[in-house]
There are 2 protein chains.
Amino acid sequence: METITNKQRKVNMPGRGMMSPGWGGKFRGCGYRMTLPRQAILNVLQKTKKHLSAEDVYMEAHKIFPHLGLTTVYRTLELLTDMGELNKFDFGDGRARYELMEISEEDHHHHLVCTKCKRIINYSDFVDEELEFLKRAEKGLSKKYNFEINNHIIQFYGVCDKCKKSK
Amino acid sequence: METITNKQRKVNMPGRGMMSPGWGGKFRGCGYRMTLPRQAILNVLQKTKKHLSAEDVYMEAHKIFPHLGLTTVYRTLELLTDMGELNKFDFGDGRARYELMEISEEDHHHHLVCTKCKRIINYSDFVDEELEFLKRAEKGLSKKYNFEINNHIIQFYGVCDKCKKSK
DNA sequence: AAGTTAATGAAAATTATTTTCAATAAAAAG
DNA sequence: CTTTTTATTGAAAATAATTTTCATTAACTT
Ligand SMILES: [Mn+2]
Ligand SMILES: [Mn+2]
Ligand SMILES: [Zn+2]
Ligand SMILES: [Zn+2]
């Protein structure tokens with residue numbers, strides 16, 4: 001596992017002049033800076049399909065950027081959420097959990113939340129029906145309430161198969 | 001405003017022998033007891049359409065049952081949630097918010113959450129489309145994942161009309 | 001009426017998250 | 001490249017919602 005050091009900065013980051021289509025560009029486009037801690041945090045978020053807590057992200061990112069502080073993780077997660085690049089969830093276990101916004105259509109999914117063991121299941125079934133329903137709902141709601149819709153969540157709560165067996 | 005005292009107990013609560021179709025019955029049916037603090041908390045929850053926090057409930061219930069403690073409010077809200085009688089929400093303002101489960105079909109609704117001012121808008125449009133979509137989704141998902149679905153939430157995040165104007 | 005035990009509330013503890021502030025480093029300017 | 005500017009960082013302290021503890025109370029049972 002490679003740890004990120006200051007010496008590697010120029011190797012790991014896009015050059016200055018070059019218009020960067022990646023994260024650096026997104027940050028600077030919003031008036032922010034691309035930094036090594038943010039790199040490390042994004043590396044972690046990009047590498048997983050899990051629903052990480054701030055502490056989870058911290059522990060992972062800390063491996064590749066040991067100087068990182070937990071405060072910076074909280075700040076970066078909030079920043080990314082406000083930028084609309086990160087989804088923040090409450091699955092009922094007392095801490096916020098995060099998931100990088102899907103790039104492609106195929107990644108779009110929602111969640112089954114087991115209220116017994118807090119297990120989370122990603123599902124991406126019924127995308128067609130959902131898309132149709134959501135399209136109409138969003139259009140109608142944004143018109144009726146003059147509300148600009150940027151995002152949505154759908155969660156089903158219940159009991160997972162493992163918890164059904166063990167009772 | 002009437003405060004609840006021990007003397008009023010028999011007046012406010014269903015008698016012992018009588019099969020109570022109300023909250024007392026529900027509690028006892030789950031093996032719990034109906035108590036004055038729980039009465040007061042339920043009174044508050046039943047009287048409002050707002051999305052109350054634990055502290056909100058405490059302050060209101062405290063008016064009619066001054067002896068009430070905040071701890072009991074937290075415990076009762078968790079109990080009702082586990083009993084499936086109360087919906088617990090995270091609207092992103094750092095505290096849980098609660099809403100009594102709708103009794104009738106007409107009460108069923110979901111939420112628009114303004115990410116700027118945290119205002120919550122109840123909407124119950126598209127109930128037909130939603131019901132159709134959810135029925136199919138629940139059936140399919142519970143079969144595919146062997147997951148027993150008890151509840152669901154749909155939330156749209158965005159910018160409300162007031163916040164759109166003031167920017 | 002007496003007994004059993006769940007429920008309560010005050011206070012303390014816990015813990016996720018936020019704030020503070022001096023030090024650092026990213027972007028801009030020279 | 002060097003200097004300047006200022007956003008960003010991290011350690012520590014603060015905050016605040018929620019949970020735990022435990023002695024007392026009251027709901028239901030006998
Ligand atoms: Mn997911
Ligand atoms: Mn509502
Ligand atoms: Zn489970
Ligand atoms: Zn608003």
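Buried means a relative accessible area under 20%, exposed means over 50%, and partly exposed lies in between (1.4 Å probe, protein chains only). The structure is a predicted model, in which local features need pLDDT of at least 70 and side-chain atom pairs count only at pLDDT 80 or more, while totals for chains, interfaces and linings use all residues. Residues are numbered from 1 along each chain as its sequence is written, chains are lettered from A in the order in which they are written, and side-chain values use heavy atoms, with hydrogens and water left out.

**Exercise 1. Determine which strands stand at the edges of the open sheet of chain A.**

Step 1. Strands (E, at least two residues) and helices (H or I, at least four) are DSSP runs, numbered from the N terminus. Two strands pair if DSSP finds at least two bridges between them.

Step 2. The sheet of chain A has 3 strands in the order S1-S3-S2, with antiparallel pairing.

Step 3. Strand S1 (52-53) and strand S2 (86-89) of chain A each have a single partner strand and therefore stand at the edges, one side of each being left without a neighbour in the sheet.

Step 4. S1(A) pairs with strand S3 (residues 97-100) of chain A over 2 bridges, in the antiparallel sense. Across this pairing, A:Ser53 is opposite A:Arg97 in S3(A).

**Exercise 2. Locate A:Lys63 and A:Glu60 in their helix and state how far apart they are along it.**

Step 1. A salt bridge is a side-chain nitrogen of Lys or Arg within 4 Å of a carboxyl oxygen of Asp or Glu. The side chains of A:Lys63 and A:Glu60 form one, at 2.9 Å from N to O.

Step 2. Both residues lie in helix H4 (residues 54-64) of chain A; because they are 3 residues apart, about one helical turn separates them.

Step 3. A:Lys63 is partly exposed at 42%, and A:Glu60 is partly exposed at 36%.

**Exercise 3. Establish what the pair B:Lys144 and A:Asp125 joins.**

Step 1. In this salt bridge the closest N and O atoms are 2.7 Å apart.

Step 2. B:Lys144 belongs to helix H6 (residues 127-144) of chain B, whereas A:Asp125 is in the loop between strand S5 (120-123) and helix H6 (127-144) of chain A, so the pair joins two chains.

Step 3. B:Lys144 is exposed, at 53% relative accessible area, but A:Asp125 is buried, at 18%.

**Exercise 4. Describe the salt bridge between B:Asp93 and B:Arg97.**

Step 1. The closest N and O atoms of B:Asp93 and B:Arg97 are 2.8 Å apart.

Step 2. B:Asp93 is partly exposed at 26%, while B:Arg97 is buried at 16%.
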